[in-house]
Amino acid sequence: MDCTFGGGGHAKEILGKMDNRGCLIALDRDVEAVSRGLELKKEHPNLKVLHRNFTEVKDVANEEGVFGKVNGILADLGTSMFQLKNPERGFSFSTDGPLDMRMDTSTDLTAADVLNTYPEEELIRIFRDYGEERHARRIAREVVARRKRNPYRNTLAFARLIEDIYGGRRGRIHPATLCFQALRIAVNEELEVLSRFLDCALEVLAVNGRLVVISFHSLEDRIVKNFFRNKSRNCICPPSQARCTCGGDNAQVRVLTRKVVRPSQWELDRNPASRSSRLRAAEKLEIPS
Ligand SMILES: C[S@@+](CC[C@H](N)C(=O)[O-])C[C@H]1O[C@@H](n2cnc3c(N)ncnc32)[C@H](O)[C@@H]1O
């Protein structure tokens, strides 16, 4: 299962390595990605593409009759180049577009709704927790002050506000990068869905099946790292307990990436967008009966 089809780059690689006994089920919450998948399906009948959130991976596996039988599950988190490069989707601060940022355009909440309606305290939390933005408080205060006169509609208006607070643009990284990331995470509930997904994915896998997750910022990577760490523990007794009483044989996964995998120089030269990616993988263990 490729749970984040996107532009289909990974799906093509997987399909190329699979014979006709294999089947790839691809999901994406973005209907445009699903259309691309349906194009690819014309060349690969053993590809199935579904417009689903990966939090529904258990339902999908049940519907497709593969629950507990899946050999590999991949999630390549974040936004695709197709989403980033289309100004109409509102993910980019370099070209003007509506402040949308929904990966699934059939949902209601847009980035403009967040900026125009959320209380100041909630905006501070979003910019601080999801963007690790050092000026979270000032930016939230300014958003609330300006939205009364001019509600936010477009990406560049919000990017300019942040530039004003930073006193212009300096260096290679645009000052709006962290707040755009924060808004996107809030609109798409990215951290909540990731936690839900990991638990479900583990259930769907066959024994010895592998779960591979590629994340693009430390907030996501921390969730994946802690999940793998917890699930690979043999002892699940509370830390306050002096002696183990749980049997000490409770590990559900074996972590395959003792150190997180970062892109090599070779990859960076060919694919600069992989700069901040981090890959972690684990294999499902047989649960002793
Ligand atoms: C980084 S791109 C994937 C790129 C893909 N691996 C490729 O090779 O082209 C991430 C994709 O995951 C999708 N996505 C993000 N969160 C999702 C979720 N919760 N459920 C399903 N798809 C999601 C996005 O819509 C986007 O198309």
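1. A good place to start is how the chain is tied together. In the protein chain of this predicted model, consider the contacts between residues at least 6 apart in sequence: 62% of them join residues at least 24 apart. Buried residues make up 37% of the 289 residues.

2. Next, the overall build. The protein chain contains 12 helices and 6 strands. Its radius of gyration is 21 Å, close to the 19 Å that the globule rule gives for 289 residues, so the chain is as compact as a globular protein of that length. Taken along the principal axes, the box filled by the C-alpha atoms is roughly 65 × 60 × 40 Å.

3. Now to the strands, beginning with strand 1 (24-28). Strand 1 pairs with strand 2 (residues 47-51) in the parallel sense, over 5 bridges. If you would like one pair to find on screen, take leucine 24, whose bridge partner in strand 2 is leucine 47. Helix 2 (residues 31-41) belongs to this picture too: together with strand 1 and strand 2, helix 2 makes a right-handed β-α-β unit.

4. Strand 4 (residues 205-215) is worth following with care. Strand 3 (residues 70-76) runs parallel to strand 4, and 6 bridges join the two. Strand 6 (residues 278-284) is also joined to strand 4 by 6 bridges, but these two run antiparallel. Valine 213 is a handy marker here: it stands opposite alanine 75, and its bridge partner in strand 6 is arginine 280. As background while you look, side chains in a regular strand alternate between the two faces of the sheet.

5. The ligand deserves a look of its own. Which residues come nearest to the ligand? Of the 20 residues around it, they are Thr4, Gly6, Gly7, Gly9 and Asp76. By class, this shell has 6 nonpolar, 10 polar and 4 charged residues. Helix 1 (9-16) and strand 1 each supply at least two residues of the shell, and strand 1 is also the strand that pairs with strand 2.

6. Phenylalanine 82 offers a link back to the ligand. This residue sits in helix 4. Leaving aside neighbours within four places in sequence, phenylalanine 82 is in contact with Gly7 and Glu32, and Gly7 is among the residues that come nearest to the ligand. Is phenylalanine 82 buried, exposed or partly exposed? Phenylalanine 82 counts as partly exposed, because it has 14 C-beta neighbours inside 10 Å. For a sense of distance, the C-alpha atoms of phenylalanine 82 and arginine 125 are separated by 29 Å, with their positions 43 residues apart along the chain.

7. Phenylalanine 93 makes a useful second stop. It lies in the loop between helix 4 (81-85) and helix 5 (111-117). Phenylalanine 93 counts as buried, because 20 C-beta neighbours lie inside 10 Å and 20 is where the buried class begins. Not counting residues up to four places away in sequence, phenylalanine 93 touches Thr155, Ala159, His174, Ala176 and Phe180. One of these partners, threonine 155, is 62 residues away along the chain, yet the two C-alpha atoms are separated by 5.7 Å.

8. Arginine 146 is found in helix 7 (residues 136-149). With 16 C-beta neighbours inside 10 Å, arginine 146 counts as partly exposed. The C-alpha atoms of arginine 146 and asparagine 116 are separated by 9.6 Å, although the two residues are 30 apart along the chain.

9. Finally, two backbone angles to check. Most residues other than glycine have a negative phi. Glutamate 132 has a positive phi, near 50 degrees, and is found in the loop between helix 6 (120-131) and helix 7. With 14 other C-beta atoms within 10 Å, glutamate 132 is partly exposed. Asparagine 208 is not a glycine either, and its phi is positive at about 75 degrees. Where does asparagine 208 sit? Its place is in strand 4, the strand joined to both strand 3 and strand 6. Asparagine 208 counts as exposed, because it has 11 C-beta neighbours inside 10 Å.

Methods. Residues numbered from 1 in each chain as written. Predicted model: local features only at pLDDT ≥ 70, side-chain atom pairs only at ≥ 80, totals over all residues. Near = placed C-beta within 6 Å. Helix = DSSP H or I, 4+ residues; strand = E, 2+ residues; numbered from the N terminus. Nonpolar A, V, L, I, M, F, W, Y, C, P; charged D, E, K, R; others polar. Pairing = 2+ DSSP bridges. Right-handed = clockwise from strand over helix to strand, strands pointing away. Rg over C-alpha atoms; globule rule 2.2 N^0.38 Å. Buried ≥ 20, exposed ≤ 12 C-beta atoms within 10 Å, placed from the backbone. Contact = placed C-beta atoms within 7 Å.
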